[in-house]
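Student: I should like to learn how to read the features of a protein model. Could we work through one together?

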Amino acid sequence: MSQSVREHARHSLETECVLRAPDGRLLGDRVLDVSWSGARIEALADARVGERATLSLRVPGSQVWLDAEAEITRVVRGRRLGDAGVAYGLRLRRMDGMSRVQLGQIARGRPEVSSARGERRDYARTIARIHAE
């Protein structure tokens, strides 16, 4: 599956977090939304797609923190209408099983977030349909 294809629905969740690069740089401190396999984090410092990081996010309304190893898969530049500024799309590469279940339960209790990018276009199907007409 292409990295640009989302595997799981995203859900609105704003909570504090700590996103750190391996060199200790603080990359982000606020979660914008989450899914079973990823998160979108408000960016505080420059980072690149493919860069690894550690993420700790606080379960809303508690003192519980969930930890994960993450990879930056997208840098949102904040140029589209509705973007909340510069942010990172993360894939959660490694996370304790119970933490992942807890994250999934939290996400399911929140409203789904639609993609600001809109629906994906299948250009091959469009061309095939044009030629069939």
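Tutor: Certainly. This is a predicted model. Let us begin with a pair of strands: β2 and β3 run antiparallel and are joined by five bridges.

Student: What joins β2 to β3 along the chain?

Tutor: A hairpin does so, through three residues. Across this pair, Val34 stands opposite Ala39 in β3.

Student: How many bridges join β1 to β2, and do these strands run parallel or antiparallel?

Tutor: There are six bridges, and β1 and β2 run antiparallel. Here Val34 appears again, since His11 stands opposite Val34 in β2. The two strands form a hairpin with five residues between them. In that turn, Gly24 has a positive phi of about 95°.

Student: I should now like to ask about the core. Which residues touch the most other members of the largest nonpolar core?

Tutor: A nonpolar core is a set of buried nonpolar residues joined through side-chain atoms within 4.5 Å. The largest one here has 27 residues, and those touching the most other members are Leu19, Leu27, Ile41, Leu55, Tyr88 and Leu90. Two or more residues each come from β1, β2, β3, β4, β5, β6 and α1. β5 gives the most, with five residues.

Student: What is Ile41 in contact with, leaving aside its neighbours within four places in sequence?

Tutor: Its contacts include Leu19, Leu55, Tyr88 and Leu90. Also among them are Cys17, Gly28, Asp29 and Arg30.

Student: How does one decide about burial? Is Val59 buried or exposed?

Tutor: One compares the relative accessible area with a cut-off: under 20% is buried, and over 50% is exposed. Val59 has a relative accessibility of 10%, and therefore counts as buried. Val59 lies in the loop between β4 and β5. Not counting residues up to four places away in sequence, Val59 touches Val64, Leu66, Gln102 and Ile106.

Student: How far apart are Val59 and Glu16 in sequence and in space?

Tutor: They are 43 residues apart in sequence, while their C-alpha atoms are 8.5 Å apart in space.

Student: Where is Arg48 found, and is Arg48 buried or exposed?

Tutor: Arg48 is found in the loop between β3 and β4. Its relative accessible area is 62%, so Arg48 is exposed. The C-alpha atoms of Arg48 and Ile72 are separated by 6.9 Å, although these residues are 24 residues apart along the chain.

Notes:
Residues are numbered from 1 along each chain as its sequence is written. This is a predicted model: local features need pLDDT of at least 70, side-chain atom pairs count only at pLDDT 80 or more; totals for chains, interfaces and linings use all residues. Side-chain values use heavy atoms; hydrogens and water are left out. Helices (H or I, at least four residues) and strands (E, at least two) are DSSP runs, numbered from the N terminus. Buried means under 20% relative accessible area, exposed over 50%, partly exposed in between (1.4 Å probe, protein chains only). Contact means heavy atoms within 4.5 Å. Two strands pair if DSSP finds at least two bridges between them.
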